[in-house]
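Subject: Structure handover

Hi,

Here is the structure I promised to pass on. Please open it alongside this note.

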Amino acid sequence: MTDNTTPPPPAASWVPLTSRERRVVGVLAEKAKTTPEYYPMTIAATVSGCNQKSNRDPVVDYDADDVEDILTALRKKGAAILVEAGGRVPRWKHTLYDWLKVSKVELSIITELLLRGPQTEGDLRARASRMDKDALAELPALQTHLEALADRNLVVYLSPRGQKRGVIVTHGLYPPDELEKVRQAYANMAPIDDEPAPRSASPRVDSSPGWRDEVAGLRAEVEELRGRIDTLTAELRELRTALGA
C-alpha cells in the first residue's frame with residue numbers, strides 16, 4: 001500500500017533571539033558582506049557596528065562588556081563562533097548560513113530586517129540590494145525570496161500579501177510574545193504608500209515611481225560608506241591598543 005502522506009517540514013535549526021542578540025548577529029552578517037577585509041570581527045568593531053546611527057533601528061549604546069556577553073549567548077545558541085583567541089585579539093563570526101539554512105541573497109534580506117525591523121518591501125529591496133545588487137535589482141525578485149522565507153517562518157508579513165504597494169514585512173526571529181506585540185502594533189495601521197504620489201504642477205518634475213527607488217538606493221550606499229568608516233575606525237583603535245600606542 002502506497003503512503004501518500006506528505007511528510008512534515010523539517011524542524012527549524014534556529015531559535016528566537018533577543019533584541020540585543022539580533023543587533024549583534026545582524027552586524028556580524030552585514031559586515032561580512034560589506035567589509036569582508038575586517039571580518040571576522042573584533043569586539044571593538046562589533047560595538048561600533050551595533051552603535052551606528054545609520055541603517056539601525058533603534059539606535060543603541062552598547063559597550064564592550066555588553067557585546068562580549070551577547071556574543072557568548074549567541075555562541076551558546078549556535079549563531080556565532082569565536083575564531084581567534086589566546087594571545088591574539090578575539091574575533092567573531094556568524095554561522096547564519098547553516099543556522100538558518102539560507103542562501104546568500106536570503107541572508108542579505110534577513111540581515112536588513114534584523115538591523116531595522118519592520119519595513120516596506122520597497123525600502124527593504126533598496127537596503128538589501130547594497131549587499132546583493134544584481135539579485136535584488138527589481139522588486140519582484142525580492143518578493144519571490146520573501147515568499148520562500150515566509151514559508152519557513154523566517155519572514156513575517158505584517159500587512160496583506162499581494163496588495164499593490166506598501167507591504168510591510170519583518171523577520172521571524174522574535175520571541176513569541178515580542179512577535180505578537182509587533183503584529184498588534186501594525187494590525188490597525190493604515191496602508192503605507194510605498195511610492196510617491198504623482199505631481200502635475202510642473203512638467204520638469206519627474207513623477208515616475210523609479211526615482212524613489214533611486215533615492216533609497218543612494219541612501220543605502222551612503223549608509224554603507226558610513227558603516228565602513230566606523231568599522232575602519234574601530235579596527236585602527238583596536239590595533240593601536242594591541243600595539244600599546
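Below are my notes on one helix and one loop residue. Bear in mind that this is a predicted model.

Helix 7

Helix 7 runs over residues 139-151, 13 residues in total. From first C-alpha to last it reaches 19 Å. That is close to the 18 Å expected at 1.5 Å a residue.

Which residues of helix 7 are buried? They are L142, L146, L149 and A150. These four cover an arc of only 95° around the axis, so they sit on the same side of helix 7. The other side of the helix carries P140, T144 and D151, which are exposed.

Several elements help cover the buried residues. Among them are two helices, helix 5 (104-116) and helix 6 (121-128). Strand 5 (155-157) and strand 6 (168-171) also contribute.

Look just past the end of helix 7 as well. N153 takes a positive phi there, about 65°.

D57

Now go to the loop between helix 2 (43-50) and helix 3 (64-77), where D57 lies. Its relative accessible area is 45%, so D57 counts as partly exposed; the buried class ends at 20% and the exposed class starts over 50%.

What does D57 touch, leaving out residues up to four places away in sequence? The contacts are R23, L115 and R116. L115 is 58 residues from D57 along the chain, yet their C-alpha atoms are separated by 6.4 Å.

Best wishes

Definitions and conventions. Residues are numbered from 1 along each chain as its sequence is written. This is a predicted model: local features need pLDDT of at least 70, side-chain atom pairs count only at pLDDT 80 or more; totals for chains, interfaces and linings use all residues. Side-chain values use heavy atoms; hydrogens and water are left out. The expected span of a helix is 1.5 Å times one less than its number of residues. Buried means under 20% relative accessible area, exposed over 50%, partly exposed in between (1.4 Å probe, protein chains only). The arc is that of the directions from the helix axis to the C-beta atoms. Contact means heavy atoms within 4.5 Å.
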